[in-house]
Each structure stands twice: as structure tokens, then as C-alpha cells.
Amino acid sequence: MNSTRRAVLAGLLGAGLAPSAAGWASAVGQASAAGPSSAAGRASTAGPASAARRASAAGPRPPASLLGREIRRLPTSRQVVALTFNAAWNERGVAAVLTELRRRGHPATFFPTGGFAEARPAAVRAMGAEHGLGNHSHTHPYFDDLSTRERGREVRRADAAIRTAAGTDPLPFFRFPYSSTTTDSVADVNALGYAAIEFTVDTNGYLGPGRGMTVQRVIERAVAALAPGAIIQMHVGSSAADGIVLDAQALPRLLDAIAARGYGVVDLREFLVP
């Protein structure tokens, strides 16, 4: 990743917007009524270090096919794609995304940061009540700038924050901030029990209209990358002051386009080993 893009993305993350509390009582109520996902257990009372170890010691774990490298396409020949949503800025698109996924009966995996989970626990609780939760680090740093010990601390802190907010165990899936990976950093998160789940395509909806993105362009980027096992990355928040979440706006039409091309939506939890 070049230094210009790196600086721009870091600036966007640092410009997080104040969350809106409107609508969360309803969203959480609907999610709670749906019940926790079958793959998610009750929240662990263990500390952050043991919580991260627990990902590999108990419950579903990544198979060998998801370890040793960053995963940008799932190991399948089926015409299915995985929907994933990062959460690091604000929750302005969460209610709309959850409502559309529920209406369609489609699964998704959400990757909140630990900081997001601490600041917006109701949003993470609503996500985790119906879908799997991955780990997107605690403070969203560049992992190639960190030591093995610092990487472990980021993962463990996020794990603890997410399970506290959601009341469920996060999945053993980690997504690197900025998708910036190295062989060593992937090995470090694998050693903690996590598969490094990146993406086939980022819709770039997070850039917003102010930086040239539109709903149509979001859809076109995702559709152009359709292939068996493709992983689509979107965002539930807005990185700009306009508060527009293009990924949430595009989701209904995007799902129509995916179905029209003969693709289904697969749950990342299907690729875990019991």
C-alpha cells in the first residue's frame, strides 16, 4: 500500500463521527427476538489473553486451508459469495443493513474494532444477535508497524471488547486494518487462533459521494468481482461528514444483482471446523 493511500485512510479513520442513538432500541429489540446465532456461545468470563486462546482451544476453529496466508477467496467451487462489513467509524448504516439482511434471510459477518465495540455496544449487540462477529483490531493500526507482542495486545483487547458488547463469543476470524498484511503478521494472528480473512473486492462505498463514489459504482465493483468464494467487503459507517453510507444504500440492489447472476450468499461460519 503506497504512502499516500495509507495517509488518506489513516486520516479517515481518525475523523470518526459522533454516533446517533436513534433507532437502536428497536434494532436491538428485533435482533434479540431473533436469538443469538447458533455458532455463537455465551460470553466468556475469561480475561483478554485467555479469550484469544479460547478461539483455538474450544468451539469452532479455522481449518488448515484458512491458515498460513491471508484469505481473499474462500476455498469453494460453489457459486457463492460472502458478505462482510467493517465497523470502525460510526453506526449510521447498521440498522438499514441488518434490516435488509433479515428481510432476505442472508448471513453476513461483521468486523468491528474493539474501540467501536466499546463506543457503540448496542450496535455490536445487534450485529452479533443475528450474524457472526470477526475481529478488526482494537485501535485500527498498521500491523506491519507493530511487534508480535503489540499485535497480540491489539487482537486480545478487541476480542474482550467485542464479547463484552455482544454477549457472544466472536468468531476466530481476523481482518487486518487497511488490509495491510505481512507473512509475519499473518503468522502472529494465526498463532492466536485466528484466520486472516481479507477480501476479494472492497466496494469503496466508504469513500462516499464526496470522493467520487455512487451507489451504482458500489454495485459495479462488487459484481465485477463475482467468482466462487468471493469475499465482498463493505462498511456500516460513514467516513465523511456528510454521513452518507453508500454500502447500506446499495445493498438491496447489490443483492438483486448477485442473485440475478446465479450466486448465493454463504455464511463464513460454514468454513470453520467444529
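## Burial and overall make-up

Of the 274 residues in the protein chain, 56% count as buried. Keep in mind as you look around that this is a predicted model. The chain's accessible surface comes to about 11,000 Å², and carbon and sulfur atoms account for 52% of that area.

Ten helices and nine strands make up the secondary structure of the protein chain. If we take the contacts between residues at least 6 apart in sequence, 79% of them join residues at least 24 apart.

## Strand β2 and its surroundings

A good place to start exploring is strand β2, which covers residues 80-87. Eight of its eight residues are buried, so the strand is largely enclosed by the rest of the structure. The cover reaches both faces: one side carries Val80, Ala82, Thr84 and Asn86, the other Val81, Leu83, Phe85 and Ala87, and all of these are buried.

## Partners of β2

Which strands does β2 pair with? One is β8 (residues 230-235), held in the parallel sense over six bridges; here Phe85 of β2 has Met234 as its bridge partner. Another is β9 (residues 264-265), also parallel, with two bridges, and in this pairing Val80 is matched with Gly264.

Strand β3 (residues 109-112) runs parallel to β2 as well, and four bridges join the two. Within that pairing, Thr84 has Thr109 as its bridge partner. To get from β2 to β3, the chain passes through helix α4 (residues 94-104), and this β-α-β crossover is right-handed.

## Aromatic pairs

Let us turn to the rings. A pair of aromatic rings is described by the distance of the centres and the angle of the planes. Across the whole structure, a search finds six aromatic pairs. Tyr142 and Tyr178 form one that is stacked, with 4.0 Å from centre to centre and 10° between the planes. Tyr142 sits in the loop between β4 (132-133) and α7 (148-166), while Tyr178 belongs to the loop between β5 and α8, so the pair ties together parts that are 36 residues apart in sequence. Tyr142 and Tyr178 are both buried.

Phe143 and Phe174 make a pair of another geometry: their ring centres are 5.2 Å apart and their planes meet at 50°, so this pair is tilted. It too links distant parts of the chain, since Phe143 lies in the loop between β4 and α7 and Phe174 in strand β5, 31 residues apart. Are these two rings' residues buried or exposed? Phe143 is buried, with a relative accessible area of 0%, and Phe174 also counts as buried at 0% relative accessibility. Ring pairs extend the group to a cluster of Phe143, Phe174 and Phe176.

## Ser179 in the β5-α8 loop

One last stop is Ser179, found in the loop between β5 (173-174) and α8 (183-191). With a relative accessible area of 16%, Ser179 falls under the 20% cut-off and is therefore buried.

What does Ser179 touch, leaving aside its neighbours within four places in sequence? Its contacts are Arg72, Glu198 and Phe199. With Glu198 there is also a polar contact between the side chains, at 2.8 Å.

Terms used:
Residues are numbered from 1 along each chain as its sequence is written. This is a predicted model: local features need pLDDT of at least 70, side-chain atom pairs count only at pLDDT 80 or more; totals for chains, interfaces and linings use all residues. Side-chain values use heavy atoms; hydrogens and water are left out. Buried means under 20% relative accessible area, exposed over 50%, partly exposed in between (1.4 Å probe, protein chains only). Two strands pair if DSSP finds at least two bridges between them. A crossover is right-handed if, with the strands pointing away from the viewer, the path from the first strand over the helix to the second runs clockwise. Contact means heavy atoms within 4.5 Å. Accessible areas come from the Shrake-Rupley method with a 1.4 Å probe; for residues, only the protein chains shown count as cover. A polar contact is a pair of N or O atoms within 3.5 Å; within protein, one must be able to donate a hydrogen and the other to accept it, and residues adjacent in sequence count only if both atoms are side-chain atoms. Rings of Phe, Tyr and Trp (its six-membered ring) pair if their centres lie within 6.5 Å; planes under 30 degrees apart count as stacked, over 60 as edge-to-face and the rest as tilted.
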